[in-house]
Amino acid sequence: MKSLFVFAFLLATMSAAAQVDPAAERQIFDSLNKERTARGLAALRENRRLTAIAEQHSERMQQEHAISHQFNGEPDPTTRTVSTGVHVEATGENVAISLNATTAHAALMNSPPHRANILDPKFTEVGIGAVQDGNTIYVTQDFTRTVPDYSVAEAERRIAGFVADARKNGGGKPLSLVQQPELRKQACAMAKQGMVSMAKVRNLPNVSTTVVFTTSDLSTSPAPLAKLKNATGTAMAVGVCYAAAPSQAIPQYWVAVVTFF
C-alpha cells in the first residue's frame, strides 16, 4: 500500500461543530475522475463501504486537529479497508487538510506521490470522506483495486469449473468432482504458515497430480490450473481458504487442487 499524506493549509478557527460534507465529497470524486478520464484512464467507482471508513478517518483527523494515516488506537489504512469486507488486491490512501474541496484536490494533484495514487490505473474504486470544520476541510481518499467476492464454497466450485473447461478445451478426459474436507484444512494451514506447500496434500491416498497456489482474483482461471489440463486421474477435489498470511494485511485465496487415480 502506498502510505501518503499532504498538508495544504492549516487555519486556526473558531468554528461550529464539524460535520461530514457530502457536497465536497462529490466535488472531489468528480474532480479526480475528470483527471483520470482526461488521460484515458477508467473512472473510479464509488464504494460506499470505503466512503464510510474514509469519513470516519477524516472525523478522527478533525478531532486530533492533525493529518495522519493512523492515530493511536486506530488500525492502519489497509486493515481499515479489509475490515469493510470489500475483497481487494491493492489499496492506497491520500489524506489532506485544506480550505475547501477545490484547494484540497489541487494540493493532492500537485504532490507527485498523491497524484500517483489518483492516477494509478490499477485502482478501480474509491471512497472519499470530507469533514468541514469552519474554514478547514479534512479529506481522506481510500483507493482499492477491488476483485469479485466469492465465498469459499463458491470459489471451490469456480475452480473446479475452470479445470473442467481447461480439460474440455485441451482434450483431457472429464474428472468427477469429489469432496475432500482435508484439502480445505490444508489450504488454511498454508495460510497460517504463510507459504504454499504440497507436502501434506501430496500424501492423501491415491493422489495423482497436485497443484497449490494463492490468488486474489478468481474472475478468470489462475495460470497454475493449466497443469491439470491433461493430468492423469479419474476424479478431482478442491480445497480453498480465504485468509491473510501472518505477514500480510490483505486476505487472498489459498488453493489446493488434486486429481486422484
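The following exchange concerns the overall form, the nonpolar cores and the aromatic pairs of a predicted model.

The model is predicted, so that local features need pLDDT of at least 70 and side-chain atom pairs count only at pLDDT 80 or more, while totals for chains, interfaces and linings use all residues. Residues are numbered from 1 along each chain as its sequence is written, and side-chain values use heavy atoms, with hydrogens and water left out.

Trainee: What is the radius of gyration of the protein, against the globule rule?

Mentor: The radius of gyration is taken over C-alpha atoms, and the globule rule is 2.2 Å times the number of residues to the power 0.38. For 261 residues the rule gives 18 Å, and the protein is well over this, so it is more spread out than a compact globule. The C-alpha atoms fill a box of roughly 75 × 40 × 25 Å along the principal axes. The radius of gyration is 23 Å.

Trainee: Which residues touch the most other members of the largest nonpolar core?

Mentor: A nonpolar core is a set of buried Ala, Val, Leu, Ile, Met, Phe, Trp, Tyr and Cys residues joined through side-chain atoms within 4.5 Å; buried means under 20% relative accessible area, exposed over 50% and partly exposed in between, with a 1.4 Å probe and protein chains only. The largest such core has 20 residues. Those touching the most other members are Ile28, Leu32, Leu44, Ile118, Val126, Ile128 and Phe143.

Trainee: How is the pair of Phe123 and Phe143 classed: stacked or tilted?

Mentor: Rings of Phe, Tyr and Trp (its six-membered ring) pair if their centres lie within 6.5 Å; planes under 30 degrees apart count as stacked, over 60 as edge-to-face and the rest as tilted. Phe123 and Phe143 are both buried. Their ring centres lie 5.5 Å apart with 20° between the planes, and the pair is stacked.

Trainee: Which residue lies over the face of Phe123?

Mentor: A charge sits over a ring if NZ of Lys or CZ of Arg is within 6 Å of the ring centre and within 35 degrees of the ring normal. At 4.7 Å from the ring centre of Phe123, the residue over its face is Lys122.

Trainee: Is Tyr253 buried or exposed, and what is its relative accessible area?

Mentor: Tyr253 pairs with Tyr242, with ring centres 4.9 Å apart and planes at 50°, so the pair is tilted. Tyr242 counts as partly exposed, at 26% relative accessibility. Tyr253 is buried, and its relative accessible area is 0%.
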